[in-house]
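Open your viewer and get ready to select residues by number. Each stop tells you what to pick and what is there.

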Amino acid sequence: MGINNDDYETNCILRENTFSKMITLEKLYISKLGVSNVDDKTFSNLTNLTELHLEQNKLNNFSLDYLPSHLQVFNLSYNNISSIFLTKLLYNLIELDLSFNNLEIFTLDLENQLVNLEKLRLAYNPLKHLDIKSPEVPKLKMLDLQNMLINNTDIWFWAYQHKNTTITNLTGTYPTCICDLKEKLKWKFNNYDAFENYFKNIECRVPLSEFGLTTLGEFTCHTHKCNVYTTHRIEDLENLNIVFNCSNIEAMEFKTIVWLIEQNIIKNILGNYFPIVHFLFDDISEIRSFPLIAYFQFRNNQTFHISASNSRFKEMGPEIIPFNESLVELNVENNLIQEIDVNVLHKFAVMGTKLKLSGNPIKCICEKAKMYETIISLHYLISDFDKMTCSDGTPFYPNRELCISSTTILSYIAIVILSLATIILGICLKYTLEVKVYVYSRGWFPKYFRPESDNTICKYDAFLSFSGKDEIFVFQILKLLEEDQNPPFKVCYHHRDWKIGELIDRQIIKSVEESRKTIIVLSHHFLASHWANMKFTTAHYKILEEKSPKILLILHGDIETADLGPELKSYIKTTTYLKSDDKWFEKKLLYVLRRPQAVKTDEIEWK
């Protein structure tokens with residue numbers, strides 16, 4: 001039975017019941033139907049099916065586990081298959097076609113799964129890895145591996161071992177050239193016959209490049225000198241190119257390496273015509289600058305490719321540009337290059353040289369701004385431009401300002417000054433008293449912190465007003481002012497300084513008048529004292545008359561403002577007061593009581 005549709009653009013899904021009533025089918029052809037999916041058990045009931053063709057459809061993956069057990073031929077070519085699933089034995093399958101798909105990995109198990117397979121076509125897949133498990137004498141007669149990307153030599157070893165039973169077609173599939181193949185073959189087959197009779201003439205891909213093909217026999221790897229071999233493009237079998245490979249050259253003096261390179265150029269290239277010349281200087285740890293390629297006069301129609309990745313080149317100047325200025329490609333990624341001559345960059349632009357520059361600590365500084373701008377302008381030639389970073393780790397991007405203008409500098413300075421001024425102003429506004437107290441306590445600017453004289457000399461520096469129940473705290477204040485200071489403050493202490501027998505209210509008024517400050521220790525005990533309130537009222541009215549900050553309130557203990565009288569509430573709202581539990585209490589008290597500046601005697605009003 002055959003089903004096809006010339007309209008390949010359609011999409012079709014094969015369901016489990018699509019062929020449920022056709023169990024007698026022996027051959028089924030479904031091509032160009034646009035099949036994009038097949039249910040697992042679509043063909044399970046077709047027990048008589050021996051051939052199944054699903055070529056030229058749109059399948060992306062397929063499981064072979066659900067194929068009928070009697071199936072002998074299965075064709076999945078010309079699909080989009082990227083994965084094939086197989087976990088069981090397909091005993092009767094003798095021919096499998098998976099060519100022209102997208103397979104990159106494939107396991108061919110001829111021991112446990114495809115035990116009777118005779119023909120397998122995997123041609124024209126981007127296959128990179130093929131794992132073959134087979135008995136010593138497999139039943140496989142033909143293996144088609146044309147035009148694939150397999151690059152290791154294992155498949156060629158297998159093909160050689162089974163050349164008497166299996167025809168393996170590897171046309172257009174090339175292994176990577178390897179240095180020690182001859183020794184590997186000797187170890188594997190215990191002689192050199194395999195190399196001389198089979199492998200020697202197999203074409204291989206030159207490593208580290210797309211420089212074309214050479215033969216495994218011609219490819220050589222010396223560690224003490226540069227290796228030279230000819231290659232050709234797959235599509236061009238007549239014109240030979242030359243590869244000049246100095247990669248991985250063993251450690252020796254720099255001058256010796258350069259001499260070897262230049263001597264090999266003279267010996268192998270000058271005087272011969274190779275349309276394309278490749279220089280490989282990859283993975284060299286002992287060389288810092290390039291050989292003088294510009295010194296040699298090559299032919300005008302020769303083009304050059306240079307690969308110098310993963311080495312330690314520090315400099316790149318005009319010596320790298322061939323005499324005929326035909327440098328097609330330059331790869332210097334992952335080196336130590338910090339700067340590139342601007343004139344050389346301009347040469348790259350003129351030649352249209354394809355560049356790889358990532359992985360170098362290029363200096364992006366003001367002095368190299370011209371180089372930076374030129375590299376940015378050549379981004380279309382640099383294939384790894386998106387990976388490039390400066391020595392400071394910053395990616396290359398247009399409009400980066402490497403040189404800061406004077407206007408920008410002044411703007412930054414102004415912003416810094418303004419920010420500092422704002423911070424300082426904020427601190428001062430929040431901690432005005434603390435700042436003053438700290439500076440005053442350190443003895444800085446004493447004249448600035450000495451209050452202006454009010455042309456009066458008072459008998460006392462302070463009149464101490466308190467409740468008798470707070471005497472312990474008051475004694476601490478007295479000690480601070482009278483004993484710990486030099487010169488000591490003069491404090492009016494009523495137990496000591498009042499005259500016995502005089503009226504209390506007169507004594508209060510007199511003490512307030514004779515003191516520069518009236519210190520009131522405001523506590524619960526003080527608020528409960530009638531005469532203490534009278535003290536405060538008298539002093540408060542005196543201050544209102546003189547319009548001077550005479551009263552200093554010290555809040556002692558837990559005081560709630562709601563419990564205060566109207567005069568106290570008004571005063572606290574408009575005047576700074578101290579708290580006895582403040583860690584800065586003593587310094588603040590000394591600051592508030594600081595003595596005024598000295599005045600002339602004839603200006604003093606005695607009180």
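Start with Lys27. This model is predicted. Lys27 is partly exposed, at 39% relative accessible area. Now add Glu51 to the selection. The two side chains form a salt bridge, with 3.7 Å from N to O. Side chains of opposite charge can pair when their charged atoms come close.

Color the strands around this pair. Lys27 belongs to strand β3, residues 27-31. Glu51 belongs to strand β5, residues 51-53. The partners are 24 residues apart, and the bridge links distant parts of the chain. Is Glu51 buried or exposed? Its relative accessibility is 18%, and buried means under 20%, so Glu51 counts as buried.

**Next stop: Arg121 and Glu95**

Select Arg121, then Glu95. Their side chains meet in another salt bridge, at 3.1 Å from N to O. Here too, distant parts of the chain are linked. Arg121 is in strand β11, residues 119-121. Glu95 is in strand β9, residues 95-97. The two residues are 26 apart. Check the surface as well. Arg121 is partly exposed at 22%, and Glu95 is partly exposed at 23%.

**Next stop: a network**

Which residues are linked with Glu482 in a network of salt bridges? Select Arg496 and Asp497 to see them: these two and Glu482 make up the network. Zoom in on Asp497 and Arg496. Their closest N and O atoms are 3.3 Å apart. Asp497 is partly exposed, with a relative accessible area of 27%. Arg496 is partly exposed too, with 44%.

How many salt bridges does the count come to? The count is eleven. Your tour has included the bridges of Glu51 with Lys27, Arg121 with Glu95 and Asp497 with Arg496.

**Next stop: the cysteines**

Switch to sulfur atoms. A disulfide is a covalent bond between the sulfur atoms of two cysteines. This structure holds two disulfides.

Select Cys364 and Cys390. A disulfide joins them, with 2.0 Å from S to S. Look along the S-S bond. The angle about it is -85°, and the link is left-handed. What does this pair tie together? Cys364 lies in the loop between β22 (354-356) and α6 (369-377), while Cys390 lies in the loop between α6 and α7 (406-430). The disulfide therefore ties together parts that are 26 residues apart in sequence.

Show the surface at these two cysteines. Cys364 is buried, at 8% relative accessible area. Cys390 is buried as well, at 4%.

Now select Cys366 and Cys403. A disulfide joins this pair, also with 2.0 Å from S to S. Is this link left-handed or right-handed? With 110° about the S-S bond, the link of Cys366 and Cys403 is right-handed. Trace the chain between the two ends. Cys366 sits in the loop between β22 and α6, and Cys403 in the loop between α6 and α7, so the pair ties together parts 37 residues apart in sequence.

Turn the surface on again. Cys366 is partly exposed at 38% relative accessibility. Cys403 is partly exposed at 32%.

**Last stop: Cys458**

Finish by selecting Cys458. Is it buried or partly exposed? Its relative accessibility is 21%, so Cys458 counts as partly exposed.

Conventions
Residues are numbered from 1 along each chain as its sequence is written. This is a predicted model: local features need pLDDT of at least 70, side-chain atom pairs count only at pLDDT 80 or more; totals for chains, interfaces and linings use all residues. Side-chain values use heavy atoms; hydrogens and water are left out. A disulfide is a pair of cysteine sulfur atoms within 2.5 Å. Helices (H or I, at least four residues) and strands (E, at least two) are DSSP runs, numbered from the N terminus. Buried means under 20% relative accessible area, exposed over 50%, partly exposed in between (1.4 Å probe, protein chains only). A salt bridge is a side-chain nitrogen of Lys or Arg within 4 Å of a carboxyl oxygen of Asp or Glu.
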